[in-house]
Each structure stands twice: as C-alpha cells, then as structure tokens.
Amino acid sequence: MAGGGGDGDVAVDEPSKLKLYSYWRSSCSHRVRIALNLKGLCYDYVPVNLAKGEQYSPEFLKLNPLGYVPVLIDGDIIVSDSFAILMYLEEKFVQCPLLPRDLEKRALNYQVANIVSCNIQPFQNLAVLKYIEEKVSPDQKIPWVQYHLRRGFTALEELLKGHAGRYATGDEVYLADLFLAPQIYGAIKRFNIDRTEFPLLLRLYEAYSELPAFQNAMPESQPDSPSSSTS
Ligand SMILES: N[C@@H](CCC(=O)N[C@@H](CS)C(=O)NCC(=O)O)C(=O)O
C-alpha cells in the first residue's frame, strides 16, 4: 500500500510487481529477461524446472496450457509466449523502446525475431529433442539442432550484413538483439557451433556481453542456475 501520513489520506494500491515464470537455460525466457532489464523493470523470478517437468504441473498449465515458459504476470493479466510478452512490455513501458521508428528497420527486427523463434528455437525445444531421442536415436539430437542452427544462422548473417552496426540493426539495441543473444549463446555453449563459422553473429554476441542488461539476463546469473550462488 502506498500513501499514509495525515488522517485524510486514502490508501492507494501500488501497482503489483511483475512476475516472470522462467527457466535459467530457456532462450525464450532469456529474451524476456533482457527486455525487463533494459526497461529497468523489477520483477519476481519464479523458476519452472523444465528438466523436472514442472511445465506440465496443473498449476503451471493454468497459466500456459501449452506448457512452455516464459509466462509474465502483471496483476490480473497473464501473458505467455516471449514475443507477446515483449510486445506487451513495449506497449506498457515506453522507456528504452525495443522497436525502431524507421519502418524498414522495424520490419527487419520482426524478421530476425521470427527467424529465431520460428525457424531455429523450436527445433531445439526439450519436447522435440526428447521425441528425437526416443523415436529416432539419441545420437541424432545434436546434429539435428546443429543443422537447423546453421541454416538459420547462415540466413541471418546474409540478412544482417548490410544493416548491422554495433548491434544487429544499427548502433542501438532493438528487438532483433533480444532474440539473437540467447540463440547465439545456446549455439556456442550447448550445441558446440564453431564460433568462427558466423563472424557477424559472433561480433554481435561480443558486443552484447558488454551490456549489463544482457549480462544480468544470462542463464548462469539466474537464481535457478546450478552455478548460481543464490540457488
Ligand atoms: N513461442 C514460445 C516458445 C516457448 C518455448 O518453446 N519455451 C521452451 C523453453 S525456451 C519450453 O518451455 N520448453 C519446454 C518443453 O519443451 O517441454 C515463446 O517464444 O515463448
């Protein structure tokens, strides 16, 4: 409750704190964590352990019937899917815009976001990898992800080479960067893509690693990370 002081004061409800259901290694949660940090928004971190199947608990399925993180709670409002969450945050909190005013650049940001979220990330999802492990072969899991990563990254290098500045679409951080940083991180750390194969993406990744909003969103910095000092 805010307010207080004189007898005539009326208690006013404070805006409720944002809550993010997240998993430390989830690239989709990672995108949202970067946006929350960039916009300077405090939030409560609610871990959902995907490795233990907590995404399928009845409580979590009430929030997102698909059983995926991230989910953002803002008071009575529940938003799932990272793209929807990012657009929600963008419209509600105007500071540090995630979309450039220039229409062509804006379209490019949407395009990069969709390449990552539709043509790369779904192929490495836990449920998909489990399916390949069981129905195809455990040995095929990593080559499968690497194939789709290489295909997507090759397109992204080509697409961005005429537009990138310090960041993906110029010298300011925008939506495209929020999708690229977690995806490049995963490609290097989890799926052993050779850093030298994609020089432009590697250069962007190095630029992100200097920004506090990106550093604090890293998987290792999350409370549920096995390497976190707070977990
Ligand atoms: N389009 C959704 C995809 C969400 C998604 O795939 N989340 C993954 C983690 S990055 C997940 O929860 N996977 C759980 C599973 O595969 O069981 C988004 O962008 O939020």
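What follows is a set of questions and replies on how features of this predicted model earn their labels.

Me: What makes S29 a buried residue?
Reply: Buried means under 20% relative accessible area. S29 has a relative accessible area of 0%, so it is buried. This serine is found in helix 1, residues 27-38.

Me: Which side chain makes a polar contact with the side chain of S29, and what makes the pair count?
Reply: The partner is the side chain of S26, at 2.7 Å. The cut-off for a polar pair of N or O atoms is 3.5 Å, so 2.7 Å passes.

Me: What else does S29 touch, leaving out residues up to four places away in sequence?
Reply: S29 touches L20, Y21, S22, Y23, V69 and P70.

Me: Why is Y21 called buried?
Reply: Its relative accessible area is 16%. The limit is under 20%, so Y21 counts as buried. Y21 sits in strand 1, residues 18-22. Beyond neighbours within four places in sequence, its contacts are S29, V46, V48, F60, L63, V69, P70, V71 and I73.

Me: How far apart are the C-alpha atoms of Y21 and Q55?
Reply: They are separated by 9.9 Å, and the two residues are 34 apart along the chain.

Me: What is the omega of the peptide bond that joins V69 and P70?
Reply: Omega is about 5°, and the bond is cis. P70 belongs to the loop between helix 2 (58-63) and strand 3 (71-74).

Me: Which residues come nearest to the ligand?
Reply: There are 16 residues around the ligand, and Q55, V69, D81, S82 and N125 come nearest.

Me: How do you know that Q55, D81 and S82 offer polar partners to the ligand?
Reply: Take them one by one. An N or O atom in the Q55 side chain is 2.9 Å from a ligand oxygen. For D81, a side-chain N or O atom is 2.9 Å from a ligand nitrogen. For S82, a side-chain N or O atom is 2.6 Å from a ligand oxygen. The cut-off is 3.5 Å, so each pair counts as a polar contact. Taken alone, the ligand exposes 520 Å², and the protein buries 91% of that.

Me: Why is D81 called partly exposed?
Reply: Partly exposed lies between under 20% and over 50%. D81 has 46% relative accessibility, so it falls in between. D81 is in the loop between strand 4 (77-80) and helix 3 (82-92). Its phi is positive, about 85°, although D81 is not a glycine.

Me: What makes C96 partly exposed?
Reply: C96 has a relative accessible area of 32%, which means it falls between the buried limit of 20% and the exposed limit of 50%. Its phi is about 50°, positive although C96 is not a glycine. C96 is placed in the loop between helix 3 and helix 4 (103-120).

Me: Is Q111 buried, exposed or partly exposed?
Reply: At 38% relative accessibility, Q111 is in the band from 20% to 50%, so it counts as partly exposed. Q111 is found in helix 4. From Q111 to P199 is 88 residues in sequence and 20 Å in space, C-alpha to C-alpha.

Me: Why is helix 8 called largely enclosed by the rest of the structure?
Reply: Seven of its ten residues (199-208) are buried, so the label fits. The buried ones are L200, L201, L202, L204, Y205, A207 and Y208. They pack against helix 6 (141-160), helix 7 and helix 9 (212-215).

Me: Which residues have the most contacts inside the largest nonpolar core?
Reply: L89, F153, L156 and L180 do, in a core of 67 residues. Helix 7 (residues 175-189) gives the most to this core, with ten residues.

Me: Why does this core lie between domain 1 and domain 2?
Reply: Domain 1 (20-95) and domain 2 (103-215) both give residues to the core, so it lies between them. The domain centres, taken over C-alpha atoms, are 20 Å apart. Across the boundary, 18 residues of domain 1 are in contact with 19 residues of domain 2.

Me: What is F153 in contact with, leaving aside neighbours within four places in sequence?
Reply: I120, Q183, I184, A187, F198 and L201 are in contact with F153. One of them, L201, is among the buried residues of helix 8.

Notes:
Residues are numbered from 1 along each chain as its sequence is written. This is a predicted model: local features need pLDDT of at least 70, side-chain atom pairs count only at pLDDT 80 or more; totals for chains, interfaces and linings use all residues. Side-chain values use heavy atoms; hydrogens and water are left out. A nonpolar core is a set of buried Ala, Val, Leu, Ile, Met, Phe, Trp, Tyr and Cys residues joined through side-chain atoms within 4.5 Å. Buried means under 20% relative accessible area, exposed over 50%, partly exposed in between (1.4 Å probe, protein chains only). Helices (H or I, at least four residues) and strands (E, at least two) are DSSP runs, numbered from the N terminus. Domain bounds come from an automatic or database domain assignment. Contact means heavy atoms within 4.5 Å. A residue is near a molecule or strand if one of its heavy atoms lies within 4 Å of it. A polar contact is a pair of N or O atoms within 3.5 Å; within protein, one must be able to donate a hydrogen and the other to accept it, and residues adjacent in sequence count only if both atoms are side-chain atoms. Accessible areas come from the Shrake-Rupley method with a 1.4 Å probe; for residues, only the protein chains shown count as cover.
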